[in-house]
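Welcome, and please open your viewer so that we can walk through this model together. We will go one selection at a time.

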Amino acid sequence: MSLKEKDPKIFSLVEKELERQIDTLDLIASENYAPKEILEASASVLTNKYSEGYPGKRYYAGNEFIDQIELIAIERASKLFGMPCANVQPHSGSSANFEAYRALMKEGDTLMGLKLDQGGHLTHGSPVNFSGQLYNIVSYGVDKETEQLDYDAIMEQAKEVKPKVIVCGYTAYPRTVYFDKFREIADACGAYLLCDIAHIAGLIAGGAHMPAGPYADVITTTTHKSLRGPRGAIILAKEEHCKLINKGVFPGSQGGPLDHITAAKAVCFHNAMQPEFKEYAAQIVKNAKALAEELKKHGFRLVSGGTDNHLILIDVKSKGLNGKIAQNALENSGIITNKNTIPYDTEKPFVGSGIRVGTPAVTTRGMKEEEMKYVAELFSRALEKPEDEEFHKKLKSEVKEFMGRFPIYGDL
Ligand SMILES: *Cc1c(COP(=O)(O)O)cnc(C)c1O
């Protein structure tokens with residue numbers, strides 16, 4: 001029996017969500033559309049299996065094929081990111097960071113990460129997150145003028161603080177992360193370097209951002225953002241951290257792996273090794289740069305003045321708005337974004353002065369630089385009359401018509 005007959009309520013909501021995805025302009029920098037083959041692996045009978053442990057060392061029988069799948073995923077992940085050791089079992093980016101930290105630090109040790117309101121992730125030391133509760137957090141920031149990382153200042157701070165771990169790689173930072181400079185900083189203060197490449201993994205895999213592999217002690221990444229895989233994460237590490245990380249993931253913090261997701265991750269790594277993925281990654285960056293230029297023409301101030309990667313942080317205060325109002329006006333117009341704080345923001349995090357946008361999703365739908373002009377125009381128009389619901393309704397149907405030219409899944 002199909003879902004449609006068994007549980008029509010849930011079936012219809014899934015259908016509606018698909019429709020929403022088709023009809024709206026998704027500019028959320030951390031979202032993407034997983035291709036059909038990845039949906040297929042994710043929705044497979046592998047979800048039935050228990051396979052606590054690792055290939056060849058399971059606590060349950062019947063893992064002949066699961067072992068082969070996990071070994072392929074491990075091998076591909078190692079090759080893709082240039083690290084000798086890969087653990088493909090973490091359920092999410094936050095779990096991966098939890099597990100990586102536990103392998104590298106003891107409770108109370110010092111962790112240095114970028115401030116949350118300047119582009120760091122919750123798991124990089126926020127007081128409401130386990131990271132801020134288990135470790136001694138000393139955050140670094142971006143320069144007030146350039147709104148970019150000041151590597152000399154971070155070096156000085158790191159030498160003084162002597163952290164056990166430095167984490168780099170962010171959630172809302174539109175510029176290149178110079179992993180080589182962070183390696184120098186980590187070496188100068190005797191810290192481990194953890195590169196959290198969740199946002200830019202697809203760019204790295206496709207050669208559109210410098211790699212982290214040659215510089216990191218440990219890499220964590222999600223697989224569902226620019227990498228365009230299933231919702232999940234992986235940890236990559238130097239040989240010396242391999243054992244501790246594997247123990248930390250299982251039995252340290254997780255039980256059985258999600259074997260259907262492991263298979264989907266393997267497919268995602270295979271896709272990311274193809275020549276087309278290089279083109280995809282390069283196009284994401286070209287689109288972001290084009291969109292940034294167009295937004296500037298519409299009078300928006302961009303944090304740090306532009307972008308080197310897939311994301312743009314727009315200061316909507318420059319139009320007399322705040323993040324919350326802007327996010328709502330955009331959503332009512334069929335443009336899906338998220339409000340965000342900007343460096344040295346004076347608004348509360350729940351309001352924020354910024355809107356974060358990114359191009360991985362629209363690039364998957366086949367948009368190029370030419371379309372970014374219209375995307376910027378739609379964005380700008382949606383914010384012209386932030387309180388006018390009728391106006392937004394009309395714009396929403398215009399957005400829908402535009403998105404109709406860029407199908408996601410064909411006849412799925
Ligand atoms: C998205 C993200 C994470 C967390 O991923 P979840 O799967 O949402 O837990 C961690 N670090 C960075 C830098 C991220 O952008």
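Into which domains is the chain divided? Select residues 39-272 and give them one colour: this is domain 1. Then select 278-403 in a second colour for domain 2. Keep in mind as you look around that the model is predicted.

**Stop 1: the two domains together**

With both colours on, place a marker at the C-alpha centre of each domain; the two centres lie 28 Å apart. Now bring up the residues in contact across the boundary: domain 1 supplies 23 of them and domain 2 supplies 26. Between them, domain 1 and domain 2 bury about 2100 Å², and carbon and sulfur atoms carry 54% of that area.

Which residues of domain 1 lose the most area to domain 2? Select Glu 147, Pro 174 and Arg 175, and show them as sticks. Together these three make up 29% of what the domain 1 side buries.

**Stop 2: charges and polar pairs across the boundary**

Stay on Arg 175 and add Asp 308 to your selection. These two residues form a salt bridge, with 2.9 Å between their closest N and O atoms. How many salt bridges are there between domain 1 and domain 2? The count is 2.

Next, turn on polar contacts: 14 residue pairs link domain 1 and domain 2 in this way, counting pairs with both residues at pLDDT 80 or more. If you colour the domain 1 side of the contact by residue class, you will find 8 nonpolar, 9 polar and 6 charged residues there.

**Stop 3: the ligand**

Now centre the view on the ligand and show what surrounds it. There are 13 residues around the ligand, and those that come nearest are Gly 93, Ser 94, Asp 196, His 199 and Lys 225.

Try three distances from polar side-chain atoms:

- From Ser 94 to an oxygen atom of the ligand: 2.8 Å.
- From Thr 171 to an oxygen atom of the ligand: 3.2 Å.
- From Asp 196 to a nitrogen atom of the ligand: 2.6 Å.

To finish, switch on a surface for the protein around the ligand. How much of the ligand's area does the protein bury? Taken alone, the ligand exposes 380 Å², and the protein buries 85% of that.

Technical notes:
Residues numbered from 1 in each chain as written. Predicted model: local features only at pLDDT ≥ 70, side-chain atom pairs only at ≥ 80, totals over all residues. Heavy atoms only, no water. Domains from an automatic or database assignment. Contact = heavy atoms within 4.5 Å. Buried area = accessible area lost by both parts, 1.4 Å probe. Salt bridge = Lys/Arg side-chain N within 4 Å of Asp/Glu carboxyl O. Polar contact = N/O pair within 3.5 Å; in protein donor to acceptor, adjacent residues only side chain to side chain. Nonpolar A, V, L, I, M, F, W, Y, C, P; charged D, E, K, R; others polar. Near = heavy atom within 4 Å. Areas by Shrake-Rupley, 256 points an atom, 1.4 Å probe, with all protein chains shown as cover.
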